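Biologist: I am new to this structure and would like some help in reading it. Could we take the features one at a time, with the general idea before each case?

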Amino acid sequence: MLIVYAILVLGALGALFGAILAFAAKIFHVDVDPKQEAIRECLAGANCGGCGYPGCDGYAAAVAKGEAPPDRCVAGGSETAEKVAKIMGVAAGGAEKKVAMVMCSGTEGHAEKRFNYSGPIDCRAAMIFGGKSNKTCTFACIGLGNCTNVCQFDAIHIVDGIAKVDRSKCVGCGACAEVCPKSVIKLIPASQKVITACSNKDKGAKVLKICDFGCIACQKCVRECPSDAITMVDNLPVVDHEKCVKCGHCADICPRHVINWFED
């Protein structure tokens, strides 16, 4: 009989607590805007944070309230922007797609190393262990893959000791740029075709000794640019993309292969 009584008591308690929870759910229920739910269904669902909001739910709520434009879902692209804009009854806008770019060309065997690192496979750990970098160039990509670990789109990998972006897969969420302790990964407009893949601001004589592909500020690109679109800033070529005619000449003549040219 004790067992029966125990079962009855537990059953009664279960029913009581269930009723309390149901009552609480009714009292504290928050109605969700139908637009928010519809917008959430349209989004890519990557929760990458590229929109600037805490996940897809946060972005959907902001759009539904009129606090965010409909074209911030970088993973969904223009197709998603059109769907969200239709729900909100507004124009999709023309936000330009961005992609990540690694501003370093110091591949394995071409960038001098200060030491061979054998600790945790983590760029920040390598910096703590060896100071600024495991390479003599203090501006260089460390190449231990923090960026690859956070990319949800399989768009960045370590190739020959440095990070390399697959522009066809990159959605421009910025996760890799945010996690890079050296800040050598930048988000750039996808339409940008001419990129300076070096971050070393040292003078040419020093760069010449430590990296086969580092910019030595020879200014050949500046002198030969047909549209005067290149200037030197902190010993690195900076391209004025409004002046650039996308001829690719600077990439062809760069003796250090630092200036890269990307075609669609």
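Biologist: Let me begin with a ring. Which residue lies over the face of Phe262?

Modeller: The general idea comes first: a charge sits over a ring if NZ of Lys or CZ of Arg is within 6 Å of the ring centre and within 35 degrees of the ring normal. Here Arg167 takes that place over Phe262, at 4.4 Å from the ring centre. Before we go on, please note that this is a predicted model, in which local features need pLDDT of at least 70 and side-chain atom pairs count only at pLDDT 80 or more, while totals for chains, interfaces and linings use all residues. Residues are numbered from 1 along each chain as its sequence is written, and side-chain values use heavy atoms, with hydrogens and water left out.

Biologist: Thank you. How many aromatic pairs does a search of the whole structure find?

Modeller: Rings of Phe, Tyr and Trp (its six-membered ring) pair if their centres lie within 6.5 Å; planes under 30 degrees apart count as stacked, over 60 as edge-to-face and the rest as tilted. The search of the whole structure gives one such pair. Its partners are Tyr53 and Tyr59, in a tilted arrangement with 5.9 Å centre to centre and 40° between the planes.

Biologist: Is Tyr59 buried or exposed?

Modeller: We call a residue buried under 20% relative accessible area, exposed over 50% and partly exposed in between (1.4 Å probe, protein chains only). Tyr59 is buried, at 1% relative accessibility, whereas Tyr53 is partly exposed at 23%.

Biologist: Now the cysteines. How many disulfides does a search of the whole structure find?

Modeller: A disulfide is a pair of cysteine sulfur atoms within 2.5 Å. The search of the whole structure finds zero.

Biologist: Why does Cys218 have no bond to Cys221?

Modeller: The sulfur of Cys221 is the closest cysteine sulfur to that of Cys218, but they are 6.2 Å apart, so the distance is too far for a bond. Cys247 gives a similar case: its closest cysteine sulfur is in Cys225, at 6.2 Å, again too far for a bond. As for accessibility, Cys218 is partly exposed with a relative accessible area of 34%, and Cys247 is partly exposed at 46%.

Biologist: What about the interior? How many residues has the largest nonpolar core?

Modeller: A nonpolar core is a set of buried Ala, Val, Leu, Ile, Met, Phe, Trp, Tyr and Cys residues joined through side-chain atoms within 4.5 Å. The largest one here has 26 residues, and Val102, Ile156 and Ile185 have the most contacts inside it. Strand 1 (98-102), strand 3 (162-165) and strand 4 (185-189) are the elements that give two or more residues to this core. Strand 1 gives the most, with four residues. Apart from this core lies another, of 15 residues, including Cys221, Val239, Cys244 and Cys250.

Biologist: You speak of strands. How are they named, and which strand does strand 6 pair with?

Modeller: Helices (H or I, at least four residues) and strands (E, at least two) are DSSP runs, numbered from the N terminus. Two strands pair if DSSP finds at least two bridges between them. Strand 6 (residues 230-233) pairs with strand 7 (residues 236-239) in the antiparallel sense, over four bridges. Within this pairing, Thr231 stands opposite Val238. The hairpin has two residues between its strands, and Asp234 takes a positive phi near 55° there.

Biologist: How should I read a positive phi?

Modeller: Most residues other than glycine have a negative phi. Lys246 has a positive one, of about 60°, although it is not a glycine. Lys246 is in the loop between strand 7 and helix 10 (249-253) and is partly exposed at 42% relative accessibility. His257 also has a positive phi, near 55°. His257 lies in the loop between helix 10 and strand 8 (259-261), and is exposed, with a relative accessible area of 53%.

Biologist: One last loop, please. Which residues is Ser227 in contact with, leaving aside its neighbours within four places in sequence?

Modeller: Contact means heavy atoms within 4.5 Å. With those neighbours left aside, Ser227 is in contact with Lys243, Cys244 and Val245. Ser227 is in the loop between helix 9 and strand 6, and is buried at 19% relative accessible area.
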